[in-house]
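Subject: Structure for your files

Hello,

Here is the structure I said I would pass on. Please look it over before reading the notes underneath.

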Amino acid sequence: MNSVAQTLTNSDRLASGSARGVLILLRARAFLVLFLLLALFSWMAPAFLTANNFSILAKHVAISAILAIGMTFVVLTGGIDLSVGSVAGLGGMVAGYVITQGVTFGGAQHFPSIAVAVLITFAVCLVVGAINGWLVAKVGVAPFIATLGTLYIARGAALLLSNGKTFPNLAGSATHAGTGFSVIGQSFFLHVPTPVWIMAGLFAFAAFVAAKTPFGRHVYAIGGNERAARLAGIRVPRVKIISYIFSALCAACVGLIIASQLEAAHPATGETFELNAIAAVVLGGTSLMGGRGSVLGSLIGAFVIGVLADGLVMLGVSEFWQMVIKGLVIVLAVAVDQLQSRLQAKFLPLLLRSSPQAGA
Amino acid sequence: MRGRVVAVAACVAGLMMAGCRHVDRRKLVFIIVPSQDNPFFKAEADAASTEAQRLGYATRVDAHDDDAYRQDNLIDAAIASNAAVIVLDNAGSDSSVSAVRRATQKGIPVFLIDREIETSGIAKAQIIADNDQGARLVAGEFVRTLPATGDYAELLGRESDTNAQIRTKGFHAVLDGVAGLRLVSAQSANWSQAEAFQKTETMLQAHPSIAGIIAGNDTMALGAAAAVKSAGLKNMKIVGFDGSPDAIAAIRMGELQATALQPAVYIARLAVDEADRYLKTGSTGEKERQIVPCDLVTKQNALDYGNFEKLR
């Protein structure tokens, strides 16, 4: 390799330098878009650039970011989870049911504590995630179809729980489960809303798992080449099932946060949330084919969507234009994603030639 | 693998059989509403179904999810199942005309509730709540509770929905004439509580001067109330529209100031009664378009109202 590097001409060096610059810019595009949007809205909406507004903005972003963090693993394995919005709705309804209706066993009605209600919610959503994973990994149903099915099943189950009604007054009363449910969505810790902490915690956990653990590497390996991963001894079904379960548990968090913020659980909550989550993942540069992408990217993607939504509301832009603009940003992001892969393929020989250690 | 498939198939078959009802020889009233997860449409469907059963009919309730194509399929299902009457809360004033006409041509009288269609002379009756009058009532109460000068925000319903447009027009017929009131932000929250919560939080950031919020329905008003509470603001005046039980409870607790109650239960019962009369005598005895006024619900009279009906 060293002998090749020594034969480089000056123009080659220049070309490879600018190629690398373009690639870095393209790779950081989500960051750039986010920065541009923040600058734009700070300039146009006077109250945008305030600590208070950022705290609220982050709280709104947390909803799609948490879903996107869970979704990232599923997409990295080459799958997709369409059921997250419905699972979020189901999660809120399960918590609402347990808090307001209690649990009947032994012929008597019991009102478990809030912690138990939350655990039951996670348990129910875990089951849905496990079903998704089982269908995809063991039965061999295409992820799109399997999770489309559970999308309907979970939404139907949420409606059946209350017969279509809302569970109101989840603030609770001392005679029933006791108060405290509103802590999840409404409280603050160190002046930062609790949902933002939940998002940060899940992000730190997911980023660590993806980058630093064997499980994380297995996820990337499966998405890159499933057959090779299987032959290398990776337990593919197990990794996939865990990914879908994690996605469903993230959705459960979202359901709990929304129910807690509104102090009410509505069975239609979470409709189309899966689309926001997928958009965030794609904006963050994760490939829908699997094997390429990062949790950080998804977080930034969620911020792009959230900043766009809140900023346009602050400017008083109509709902219809908001939808058009959001769609444009998503399409643009994916187009740039394709451009990046193509440029990367084109520049790769140039880059390899100019950096001796790259080949070593 | 095969065992699993058989087990799943058995489960599905079991569910299907549980879903089928015993064959019924009574005449069928087919009730179609926009959705069953919204308390308003749920109350309307339940009231129509109960009244029809009281009068000796079999009933079937279905939802079209505001999808005109799905509504079309449901009308076909009603024709195929030889329904005696269709009670319909339609999926759009223009897009429903052909479906209503088709049912009528097949000899099934259609009674429209809650939402009108453009064309007259096809449906046997169109019974709706007076959204304009209700909106004016609520807006009047909104002005009364607000300080003489101040900023307010508006949460609109789904912008493609006729009732959302009639309500906002009614609001502004009153509000625009009041000197001192200023609309600083208007956003659609698509009738949704969670969306109203987020949009209100953002609007309050952009415009801290907001003293009141007028919402196109109660779910959005409740979402706004939750956002106001989470921002720790006191004395915010919030009004809604519909008269849902949750909103009336919030009015009793002082979190909302007022709502316009649409007498959905009354309208649904009236439609079924007229349908019954039509089947027996060949005439409803009423003109086609009937408009029922809304009631203003405030803290003073909140105890008089229940699930979309006046209790006393």
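The notes below cover chain B, then the nonpolar core, then the contact between the chains.

Please keep in mind that this is a predicted model.

Chain B as a whole

Chain B contains 10 helices and 12 strands. Its C-alpha atoms fill a box of roughly 65 × 60 × 35 Å along the principal axes. The radius of gyration of chain B is 22 Å, which agrees with the value near 20 Å that a compact globule of 312 residues would have. Of those 312 residues, 52% count as buried. Among contacts in chain B with a separation of 6 or more, 72% are between residues 24 or more positions apart.

Domains of chain B

The domain assignment splits chain B into domain 1, made of 2-128 + 264-292, and domain 2, covering 131-261. Domain 1 is thus written as two segments, 2-128 and 264-292. The C-alpha centres of the two domains of chain B lie 32 Å apart. Where they touch, 4 residues of domain 1 of chain B are in contact with 5 residues of domain 2 of chain B. On the domain 1 side, the residues in question are 2 nonpolar, 1 polar and 1 charged.

The nonpolar core

The largest nonpolar core has 200 residues, and the members that touch the most others are A:Ile66, B:Val87, B:Ala215, B:Ala224 and B:Ala271. Helix α12 of chain A, residues 236-262, is the biggest contributor to this core, with 18 residues. Chain B takes part through both domains: domain 1 and domain 2 each supply at least three residues. In soluble globular proteins, nonpolar side chains tend to be buried together.

Which residues does B:Ala271 touch, leaving aside those up to four places away in sequence? They are B:Ala48, B:Val87, B:Phe111, B:Ile113, B:Ala125 and B:Ile127. One of them, B:Val87, is also listed with B:Ala271 among the core members that touch the most others.

Contact between chains A and B

Between the chains, 27 residues of chain A are in contact with 23 residues of chain B. On the chain A side, the elements that give two or more residues are α4 (51-76), α12, α14 (295-315) and α15 (319-354). Helix α4 of chain A gives the most, with 4 residues. By class, the chain A side divides into 13 nonpolar, 10 polar and 4 charged residues. Helix α12 of chain A therefore appears twice in these notes, as an element of this contact and as the main contributor to the core.

Regards

Notes: Residues numbered from 1 in each chain as written. Chains lettered and ligands numbered in written order. Predicted model: local features only at pLDDT ≥ 70, side-chain atom pairs only at ≥ 80, totals over all residues. Rg over C-alpha atoms; globule rule 2.2 N^0.38 Å. Buried ≥ 20, exposed ≤ 12 C-beta atoms within 10 Å, placed from the backbone. Contact = placed C-beta atoms within 7 Å. Domains from an automatic or database assignment. Nonpolar A, V, L, I, M, F, W, Y, C, P; charged D, E, K, R; others polar. Core = buried A, V, L, I, M, F, W, Y, C linked by C-beta atoms within 7 Å.
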